[in-house]
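Student: I'd like a close look at one thing here: the salt bridges. Take me through them slowly, then show me what sits around them.

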Amino acid sequence: MYREVQSFFVILAFAMLYLLTSCNNASMQGHIIITAVNNKERVLEFKSPTYTGFLKSAKLLAIDPESETTSALLLTKDFYSACSPDISFDARKMVFAGQKSDSDTWQIYEMDLSSLRYKQLTNATENCTDPLYLPGEKIAFSKASGHDSVFKGHSLMVMQADGSQPQQITFSPGSYFGSTLLHDGRIITLNRQAGSETEKRNLMVMRPDGTKETLFYQSRELDELIATGRETVDGQILLLEKSKEGKDNLFTVSYNNPMNSKKHINGGLSGEILGLSPLTNENLLICYKASENDNYGLYELDYRNSGGVQAVYTDSHYQMLDAVAVELRNRPKKIPSEVKMEEETALLLCQDINFMGFHSDSIISEDERAVKIELLGAQSSLGVVDVESDGSVYLKIKADMPFQIQTLDKSGNIVNGPSSWINLRPNERRACVGCHQGNEMVPENRQPLSVLKPPVLIMPQEKQLMAKSQ
């Protein structure tokens, strides 16, 4: 009899343990993670690349849109402020930026969405924000360039999923922030370049090792990008822009031809929009308020059909700044890296510095043609190089050294430039068609004369002096 009772209690104990384990491992798939702040906080700065300097007491909330109560679960009760959630491809984990106290720097954390346990991944003296899951068990994030970093630049970093081996992948002056991922494994990120006359932001695309960085989308005239691009299941890129008249505009661009495929999808929305995030059902989550007196709430927009909008979650005490659904996602491609850190240089080939496009108004006369290029460093000129008769130039440049290019005519006058900042990673090989042309341009198929010679070496002056003395 004693053995039977003992066996019964053993079975009961195992059953209770199984139930507890099942509860702790309950999936949060189908939930929505929201970044919210007190309704008295100003939220316009959330559209700025330096928003973490203004974002006070932000919280990450989880809601179940299928629940009748739709009450919110506070995920970051241990944090003074938290924002920028990104969900893992298997929908089991979340990375986010957080501050334990108002005097702490922002760090990157990861939370298990079953147990709600979290761990700190970065331990930097500068602010770390905007984390992003990458293929290959890695995480990208933005890191400030200094201690007093509210108005300074932010570089992109990549680390292992456990927080180890952080490496910088962008070196150009300015800020990279709000990064997301394309299905081909490349990162798209908002960039505000230092030294520009305005704070205009461009959407850049690059590989996860920082190579092949190029312009993806640029606003025209006085329009201004607000939110970074997010890709839909059918390969459209969703963007949010403030027009020169001050109106918030939602639109899509195509993956293959982003600069010439803009399509507005606002529908009947006339209010203000903050965050946006595509759903797997092809609808769109937006943080939206219809009038000046409203709070930003969470809505679902059917932008493909009627353009109808439906409230998902609102709260009189909170403003909703951003949201992301906990959904399974296809894992993007893992792009092999060509970076070799033991290499000091990279190669750049320009096929024709005078190529501006195929239209008649882009054809340059012989007197207007550029015959030289000058490379400009952060503080001084890096040198002037003669180009070949076909306009091509082949350069070997110190890696991870940002530079700009301007073209010169035979009298030394500037024809075009300076360009935006360019950075090449160690061992990178990059080629461009010409100057100031669209990325979709396809040049004449020919061998540039410059590749028939060794590349021209471009190094900082102190490096050249060291090389000559050896």
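Tutor: Let's fix one yardstick before we start: a residue is buried under 20% relative accessible area, exposed over 50%, and partly exposed in between. Keep in mind, too, that this is a predicted model.

With that scale, look at D184 and R186, whose side chains form a salt bridge with the closest N and O atoms 2.8 Å apart. R186 has a relative accessibility of 22%, so R186 counts as partly exposed. D184, at 12%, is buried. The pair therefore joins a buried acid to a partly exposed base.

Next, go to D386 and K372, where the N to O distance is 2.5 Å. D386 belongs to strand β27 (residues 381–386) and K372 to strand β26 (residues 372–376), so this salt bridge ties together parts that lie 14 residues apart in sequence. K372 is partly exposed, with 25% relative accessibility.

Now swing round to E137 and R331, which meet in a salt bridge at 3.9 Å, N to O. E137 sits in the loop between β8 (128–134) and β9 (138–144), while R331 sits in the loop between β24 (318–325) and β25 (345–350), so the pair links parts 194 residues apart in sequence. On our scale E137 is exposed, at 51%, and R331 is partly exposed, at 47%. As for the full tally, the model has 13 salt bridges. The general idea is an old friend: side chains of opposite charge can pair when their charged atoms come close.

So much for charge; what about the greasy side? The largest nonpolar core has 44 residues, and I32, I34, I187, L285 and L298 are those with the most contacts inside it. Zoom in on I34: leaving aside residues up to four places away in sequence, its contacts include L60, L61, I63, L298, Y313 and M320, and also K59 and D322. There's a second, separate core as well, with 19 residues, L375, L395, I397 and I422 among them.

One last stop is a hairpin. Strand β4 (residues 81–87) has seven of its seven residues buried. β4 pairs with strand β5 (residues 93–99) in the antiparallel sense, over five bridges. If you want a landmark for the register, A82 has G98 in β5 as its bridge partner. Five residues lie between the two strands, and A91 takes a positive phi near 65 degrees in this hairpin.

Conventions. Residues numbered from 1 in each chain as written. Predicted model: local features only at pLDDT ≥ 70, side-chain atom pairs only at ≥ 80, totals over all residues. Heavy atoms only, no water. Buried < 20%, exposed > 50% of the residue type's maximum accessible area, 1.4 Å probe, protein only. Helix = DSSP H or I, 4+ residues; strand = E, 2+ residues; numbered from the N terminus. Pairing = 2+ DSSP bridges. Salt bridge = Lys/Arg side-chain N within 4 Å of Asp/Glu carboxyl O. Core = buried A, V, L, I, M, F, W, Y, C linked by side-chain atoms within 4.5 Å. Contact = heavy atoms within 4.5 Å.
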